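Please open the model in a viewer and keep the selection panel at hand. The stops below proceed from one end of a helix to its surroundings.

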Amino acid sequence: MSVAQRSPARTRLLEAAESMLFDRGIRATSVDELLRRAEVSAATLYAQFGSKDALVAEVLRLRLADWQAVWDQHIIAADDDMSRLLAVFDALADYRDTRGAPARWCAFLATATELPDATDGIREILSADTALLTTRLLHFARPLAGARAQDLADEVLMAYNGTLVAFLRGRPAAPIETGRRLAAAAARAHGES
């Protein structure tokens, strides 16, 4: 590929970070490795983002926007309250199938685990991801569980988090289907009580 056909340096840095950080680890991936993959200089990284942490925050911000758009599509396509609540699992399957090589599990949980004292920029994005999940699940739990909506939302969140962790363990064999089934059972139980 000629220089004229290459993606801009910023794009190459974001792509390199996306493809390396959440599978290999943020700390385990050196700035030099990112620079080699993106074919840019250290000066370019710092001119574009200011720091490796700022690059991580931007990759997470873009990923969150992309994830939310996929989830939005599945919510819109849902035709009843149960389907809207479980759309998070449909969106997860779609996201993993259509976004190239998926991370081993969840970029947000991986980052929170690896960087418990993250910088403000990273911490803001991690909080936004948590807020998106908890707010939406509570909203979609209300028609199904009424006064116990928070309990149902928490149970669905646990099933979702367990689904993500199952990708690391490799068991169960179909984690999304299993998580969805558990969440549906919780919703039915709240509807019967």
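Select D80 together with M82: in this predicted model, D80 caps the N-terminal end of helix 5, with a side-chain oxygen 3.3 Å from the backbone nitrogen of M82.

Next, select residues 81-98, the whole of helix 5. At 1.5 Å a residue, its 18 residues should span 26 Å, and the end C-alpha atoms lie 25 Å apart, which agrees. Centre the view on A87, where helix 5 bends by about 45 degrees.

Now display the side chains of L85, L86, A87, V88, F89, A91, L92, Y95 and R96; these residues of helix 5 are buried. To see what covers them, add the surrounding elements, which include helix 4 (52-77), helix 7 (120-145), helix 8 (149-169) and helix 9 (175-192).

Move to W67 and show its neighbours. Leaving aside residues up to four places away in sequence, W67 touches V88, A91, L92, Y95, D129, L132 and Y160.

Widen the selection to the largest nonpolar core, which has 61 residues. Within this core, L55, L60, W67, W71 and F89 have the most contacts. Two or more residues each come from helix 1 (9-24), helix 2 (31-38), helix 4, helix 5, helix 6 (107-114), helix 7, helix 8 and helix 9. In soluble globular proteins, nonpolar side chains tend to be buried together.

Finally, select T130, in helix 7. Is T130 buried or partly exposed? Its relative accessible area is 46%, so T130 counts as partly exposed, between the limits of 20% and 50%. Add R37 to the selection: T130 and R37 are 93 residues apart in sequence and 30 Å apart in space, C-alpha to C-alpha.

Terms used:
Residues numbered from 1 in each chain as written. Predicted model: local features only at pLDDT ≥ 70, side-chain atom pairs only at ≥ 80, totals over all residues. Heavy atoms only, no water. Helix = DSSP H or I, 4+ residues; strand = E, 2+ residues; numbered from the N terminus. Expected span 1.5 Å × (residues − 1). Bend = angle between axes of the 7 residues up to and from the residue. Buried < 20%, exposed > 50% of the residue type's maximum accessible area, 1.4 Å probe, protein only. Contact = heavy atoms within 4.5 Å. Polar contact = N/O pair within 3.5 Å; in protein donor to acceptor, adjacent residues only side chain to side chain. Core = buried A, V, L, I, M, F, W, Y, C linked by side-chain atoms within 4.5 Å.
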